[in-house]
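Open the model in a viewer with the cartoon and side chains available. The stops below say what to select next and what is there.

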Amino acid sequence: MFSLIISVISIALVAAIAVATTYYMGTVAIKQQAKADASQFMMAGEQIAAAFTLSTFSGGNPNIWINSLVPEYLVELPKYKGGNLYFHDIHKNYMIAYVSKEVCLEINARSGIKIEAPDITQYTTACLMGDEFNWPLAFYKVIDAKL
């Protein structure tokens, strides 16, 4: 009888450890995925910004279309999670992508931003979120000149 009680307690402890491990690993995986997605967005922006800079230093027009950077300055246009990056309608020197809230928070943390709706013109990389946005919108400044 004593060994049966010990066996039941052991099974319960193993089950509790399994549940705790699954919960902890799930939380860690979500945080790491947000960091990886933020890095992917920022790397895509850096590649496009570098291509525009190279084009300008090579005597090119600083107001060229992004598609004209391929194949001379970029092998292909960088993507974020399989989708294209686009120029913002108002802030025309910023590439944008819709991101998750976790990715938005990570992007802002890397830029030292602590508010939901920063003035993006003060940062190279920023993300806007709030009630007026269906999805958080990430910005990356790829051209220094105002268009």
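**From the sheet outward**

Start by selecting Leu128 and Leu137: Leu128 stands opposite Leu137, which belongs to β6. Keep in mind throughout that this is a predicted model.

Extend the selection to both strands, β5 and β6 (residues 137–141). They pair in the antiparallel sense, over four bridges. Now show the side chains of β5, residues 125–128. Thr125 and Cys127 point one way, Ala126 and Leu128 point the other way, and all are buried. In a regular strand the side chains alternate between the two faces of the sheet.

Stay in strand β5 and pick Thr125. Which residues does Thr125 contact, leaving aside neighbours within four places in sequence? They are Phe41, Met42, Ile107, Ser111, Ile113, Phe139 and Tyr140. Thr125 has a relative accessibility of 5%, so it counts as buried.

**The whole sheet**

Next, select β3, β4, β6 and β5. In that order these four strands make an open sheet with antiparallel pairing. β3 (86–87) and β5 are the edge strands; each has a single partner strand, so one side of each is left without a neighbour in the sheet.

On the other flank of β6, select strand β4 (residues 94–98). Five bridges join β4 to β6, and the two run antiparallel. Within this pairing, Tyr94 stands opposite Lys141 of β6.

Helix α2 (residues 101–111) packs on the sheet and touches β5 and β6. The direction of α2 makes about 140° with that of β5. Colour the buried residues of α2: Val103, Cys104, Glu106, Ile107 and Asn108. Then step just past the end of α2 to Gly112, which takes a positive phi of about 80°.

**Salt bridges**

How many salt bridges does the structure hold? There are two.

For one, go back to α2 and select Arg110 and Glu106, whose side chains meet at 2.9 Å, N to O. The two residues are four apart in helix α2 and therefore separated by about one helical turn. An α-helix has 3.6 residues a turn, so residues three or four places apart point the same way. Burial differs across the pair: Glu106 counts as buried at 17% relative accessibility, whereas Arg110, at 38%, counts as partly exposed.

For the other, select Asp37 and Lys81, with their closest N and O atoms 3.1 Å apart. Asp37 lies in helix α1 and Lys81 in the loop between β1 (79–80) and β2 (83–84), so the pair ties together parts that are 44 residues apart in sequence. Asp37 is buried, with a relative accessible area of 8%, while Lys81 counts as exposed at 53% relative accessibility.

**Along α1**

Now select Ile17, in helix α1. Is Ile17 buried or exposed? Ile17 is exposed, with a relative accessible area of 56%. Draw a distance from Ile17 to Phe139: the two are 42 Å apart, C-alpha to C-alpha, and 122 residues apart in sequence.

Finish with Met1, in the segment before α1 (2–57). Met1 is exposed, its relative accessible area being 74%. Add Leu4, Ile5, Val8, Ile9 and Leu13 to the selection: together with Met1 they form a nonpolar patch on the surface, with about 630 Å² of accessible area.

Terms used
Residues are numbered from 1 along each chain as its sequence is written. This is a predicted model: local features need pLDDT of at least 70, side-chain atom pairs count only at pLDDT 80 or more; totals for chains, interfaces and linings use all residues. Side-chain values use heavy atoms; hydrogens and water are left out. Buried means under 20% relative accessible area, exposed over 50%, partly exposed in between (1.4 Å probe, protein chains only). Two strands pair if DSSP finds at least two bridges between them. Patches are made of residues with over 30% relative accessible area and no salt bridge: like charges are joined within 9 Å, nonpolar side chains (Val, Leu, Ile, Met, Phe, Trp, Tyr) within 5 Å. Accessible areas come from the Shrake-Rupley method with a 1.4 Å probe; for residues, only the protein chains shown count as cover. A salt bridge is a side-chain nitrogen of Lys or Arg within 4 Å of a carboxyl oxygen of Asp or Glu. Contact means heavy atoms within 4.5 Å. Axes are lines fitted to C-alpha atoms, for helices over the stretch in contact, and angles run from 0 to 180 degrees between N-to-C directions.
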